[in-house]
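Hi,

Here is the structure I promised to pass on. Have a look at it first, and my notes follow underneath.

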Amino acid sequence: MKHTPVRRSAAIRTATALALAASVLAVPGSGLAGAADTDIVLGGITLAQASATTPFPGITRTVYQDADRTWTVNVTDIDPSRAPITFDGSIGQGMYTTQTVQEMLEQTTGVSSRRPYLGVNGGYFDDGVVLDQAERIYFGDLGGTSMKNGRLLSEAGGGRYVYDTATGKAVGLRPANSVLMLQNGRPYITELGTKLTVQLSDDATVSRKVDGVNRLPGRAGHCLRNTDPANTDVTVVGGVCFDPSEIVEFTPEFGARTPAPDVLRQTDTTTDDDPGVEVLFSSAGVVTACFRPGATPGGIVSDAPRGGHDVPPGGRALEGTGDGATWLWNNACAGKPVTLHTVITDTRFGDTVADTWFGRAPAGAVERPIDPALYATPVGDVLLRDASVVYQPADDTARAWRTAGGADGFGHLFFVTVEGQKGGPAPLANGATRSELARLLKALNLVDAVNLDGGGSTTLNLRDQNGNEPPVTTTPDPSPRHVADTVYAGVGGYGLAK
């Protein structure tokens, strides 16, 4: 099996950033991203600069407030060329659950001086399945493509709306979801699609789609459409796709034992009731166990339903329901060698980010592994692209606390939060609209920017002198919300400036 490093996309992104940086500098009176004067404008309201600090080398935090303090805006400008700073993300204890941003940041290392400098809440996640109602802990299914540790941790969502720039109306869906990617000390924003397949190692014509990664079989959150029209079993309700016939892959990053049937009963859903089949793979891609209720025990086969098993270190688990269970039983459980094939495509830059095989790859296959230094989190709407506002819906009146991530043409990473005044006068105290946020980011001279999860999830945490990461932007909820992941600026990297 050949291994080919992927360089072309990185070169294209670098060239694009440099060209846009040059164009910013060429505009009379313009400066670096974030180099706003003492005031900024959000939704027609002027916010004055309340403070500007450099809590750590290479990191600038500027706080803006209006006269009535209805809004507070935090702008953090992170320049990895000024100090040894690295960009990364954390899923905390695992993909199966949610935690606060502070908990995830403090779990990245046991050495307080090496903990991240700052972090914000990350991507959107499916909060429809609750693990602990009192503590507001959810099943942590991220709503789109996620990568860490050289592995795909979550599949692409069911697309995002495409808007007609003239009318502002939704005219279709993109086949991929937007992501914020942090790699080798640089941020960039793009769109990633995923294609996952399980096939016989000796006969690629015997194959089946793998429907998801590290989520509950039967439920795909943040799914705006049925991506397989030929599958008439799929129903879409409120942005969630339900399918009684699936194969879902689990990686060690799931962080818990595989889910048992009927977890979705709390949502009055029956698409995960099937006891189904579960297959465990060793780190070498060899099937070591198969579970099916009513099966005759022997060899790798056990008489037991799916669920309740640890993912082998470096290995995988596959759970199948409906015809997905049938495929696994007839092939993997029958002793036939099977292989998992994952393709991740960058639809913005037209390149393949990764093409990986788990198990025995076909002869002559060219593998493009996922860079272990890459962290990707799924985001909401793209607000800015190539220094232009691209979010222009016909109706944008919903106000909420906001978190945005973006980059300028010089490789700086920006985290921006907008918080309303708790108990302040509505509707402005509820926060900003996406369009208002997009125009603000444009005024800060960002090149690309996206809307991260917001509302009660909005959190900005900054490390204090004791090495802890308390929130400096608190959520509108009584206490910080549990979220699926965090993106952060941490200790590391290679500063270039003296």
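Which residues in helix α4 are buried? Bear in mind that this is a predicted model. Helix α4 covers residues 434-443, and its buried residues are Ser-435, Glu-436, Leu-437, Ala-438, Leu-440 and Leu-441. Right after α4 comes Asn-445, with a positive phi of about 70°.

Now for the cores. The largest nonpolar core has 49 residues, and the members that touch the most others are Ile-59, Ile-78, Ile-85, Phe-87, Leu-118 and Phe-415. Strand β39 (residues 486-491) supplies the largest share of this core, with four residues. A second core lies apart from that one: it has 34 residues, including Val-179, Met-181, Val-198 and Val-301. In soluble globular proteins, nonpolar side chains do tend to be buried together.

Leu-118 is a good place to click. Leaving out residues up to four places away in sequence, Leu-118 touches Ile-59, Thr-76, Ile-78 and Phe-415, then Leu-460, Asn-461 and Leu-462, and also Val-487, Tyr-488 and Ala-489. Ile-59, Ile-78 and Phe-415 turn up again here as contacts of Leu-118, having already been listed with it among the best-connected core members.

There is also a little sheet story to follow. Three strands make an open, antiparallel sheet in the order β20-β22-β21. At the edges are β20 (219-220) and β21 (235-237), each pairing on one side only. β20 runs antiparallel to β22 (residues 240-242), and two bridges join them. To find the spot, start from Arg-219: its bridge partner in β22 is Phe-242.

Cheers

Notes:
Residues are numbered from 1 along each chain as its sequence is written. This is a predicted model: local features need pLDDT of at least 70, side-chain atom pairs count only at pLDDT 80 or more; totals for chains, interfaces and linings use all residues. Side-chain values use heavy atoms; hydrogens and water are left out. A nonpolar core is a set of buried Ala, Val, Leu, Ile, Met, Phe, Trp, Tyr and Cys residues joined through side-chain atoms within 4.5 Å. Buried means under 20% relative accessible area, exposed over 50%, partly exposed in between (1.4 Å probe, protein chains only). Contact means heavy atoms within 4.5 Å. Two strands pair if DSSP finds at least two bridges between them.
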